[in-house]
Amino acid sequence: MSSPCDPHYAPAGDVSAALMLVDSRLKAVYDGRTEVDPEQRELDEQFTASLGPTGAQDLLDGVCTIIFMYMKWLRAACEGHDKDVIAYIVPNLVTTMRGMPRSIRPEAVPTMAGLVVAAGTGLSPSLWRQQYGDWTREEMNALEATAFLLAEVINRIADDHDFATRLITNALSSADAY
């Protein structure tokens, strides 16, 4: 039986713009810039505001698509080592996010854990989240952090700072071929 949260029904969104935000954050951290750069944050907010309502929704859907793709890769990697992706990823994600109270509100953490569990079980994170109403402003940093943290886990597993970004760009390139 098909689920209403089946990824087949989900909009992909603006994966390229979402990847640009995640990749820029990864590069900043790898360059040792761990504090939030107010100028970069302002540029990100201006970029997001310039998208308008439909563009912003496309960006949200794009981030959810990236989360789904990262979890799909992590699920395959975990299964190759007889590990459960949910048990491997979610506790560390929750612990890390709870340790970031200045940028991630505590009430957003369960939603992000739910997104990751949905993606880890093969459901669309954006359709799963849609069941609970509109995104809140408090969830935006948490959503970005979720995609970033998953990318960072993938990069550590692959021992390659660009692997998670290439994973998505290769998938986009393959999709363009069709």
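Reader: Which residues of the largest nonpolar core touch the most other members?

Author: In this predicted model, the largest nonpolar core has 48 residues, and those touching the most other members are Tyr70, Met71, Met97 and Leu143. At least two residues of this core come from each of H1 (15–30), H3, H4, H5 (109–120), H6 (125–130), H7 and H8, and H3 gives the largest share, with 11 residues.

Reader: What does Met71 touch, leaving out residues up to four places away in sequence?

Author: With those residues set aside, Met71 touches Val85, Ile89, Val116, Ala119, Gly120 and Leu150. Met71 is also one of the H3 residues in the contact with H4, where Met71, Leu74, Arg75 and Cys78 meet Val85, Tyr88 and Ile89. By class, this contact of H3 with H4 is made up of 6 nonpolar residues, 1 charged residue and no polar ones.

Reader: Why are H3 and H4 called oblique to each other?

Author: The two helices pack at an angle of about 125°, and their axes are 9 Å apart. Roughly perpendicular covers 65 to 115 degrees and roughly antiparallel requires an angle over 145, so H3 and H4, falling into neither class, are oblique to each other.

Reader: What makes H4 and H7 oblique as well, and which residues meet there?

Author: H4 and H7 pack at an angle of about 125°, with 11 Å between their axes, and because angles of 65 to 115 count as roughly perpendicular and those over 145 as roughly antiparallel, this pair is likewise oblique. The crossing of H4 and H7 is right-handed. On the H4 side the contact involves Tyr88, Ile89, Leu93, Thr96 and Met97, which meet Ala142, Ala145, Thr146, Leu149, Leu150, Val153 and Ile157 of H7. Sorted by class, the residues of this contact are 10 nonpolar and 2 polar, with no charged ones.

Reader: How do you know that H1 is oblique to H7?

Author: The axes of H1 and H7 cross at roughly 60° and come within 10 Å. Roughly parallel is kept for angles under 35 degrees, and roughly perpendicular begins at 65, which means that H1 is oblique to H7. H1 passes H7 in a right-handed crossing. Here Val22, Arg25, Leu26, Val29 and Tyr30 of H1 meet Glu144, Ala147, Phe148, Ala151, Glu152 and Asn155 of H7, and the contact holds 7 nonpolar, 1 polar and 3 charged residues.

Reader: Why is Met140 called partly exposed?

Author: Met140, which is in helix H7, has a relative accessible area of 29%. Buried requires a value under 20% and exposed a value over 50%, so Met140 lies in between and is called partly exposed. Apart from neighbours within four places in sequence, Met140 is in contact with Leu60 and Trp135. Met140 and Ser103 are 37 residues apart in sequence, while their C-alpha atoms are 9.7 Å apart in space.

Reader: What makes Asp82 and Asp159 count as exposed?

Author: Asp82 has a relative accessible area of 76%, and Asp159 has one of 73%; the cut-off for exposed is a value over 50%, and therefore Asp82 is exposed and Asp159 is exposed. Asp82 is located in the loop between helix H3 (52–79) and helix H4 (85–98), whereas Asp159 belongs to the loop between helix H7 (137–158) and helix H8 (163–176). Asp82 has a positive phi of about 55° although it is not a glycine, and Asp159, also a residue other than glycine, has a positive phi near 55°.

Definitions and conventions. Residues are numbered from 1 along each chain as its sequence is written. This is a predicted model: local features need pLDDT of at least 70, side-chain atom pairs count only at pLDDT 80 or more; totals for chains, interfaces and linings use all residues. Side-chain values use heavy atoms; hydrogens and water are left out. Helices (H or I, at least four residues) and strands (E, at least two) are DSSP runs, numbered from the N terminus. Buried means under 20% relative accessible area, exposed over 50%, partly exposed in between (1.4 Å probe, protein chains only). Axes are lines fitted to C-alpha atoms, for helices over the stretch in contact, and angles run from 0 to 180 degrees between N-to-C directions. A crossing is left-handed if the near helix is turned anticlockwise from the far one by less than a right angle, and right-handed if clockwise. Contact means heavy atoms within 4.5 Å. Ala, Val, Leu, Ile, Met, Phe, Trp, Tyr, Cys and Pro count as nonpolar, Asp, Glu, Lys and Arg as charged, and the others, Gly among them, as polar. A nonpolar core is a set of buried Ala, Val, Leu, Ile, Met, Phe, Trp, Tyr and Cys residues joined through side-chain atoms within 4.5 Å.
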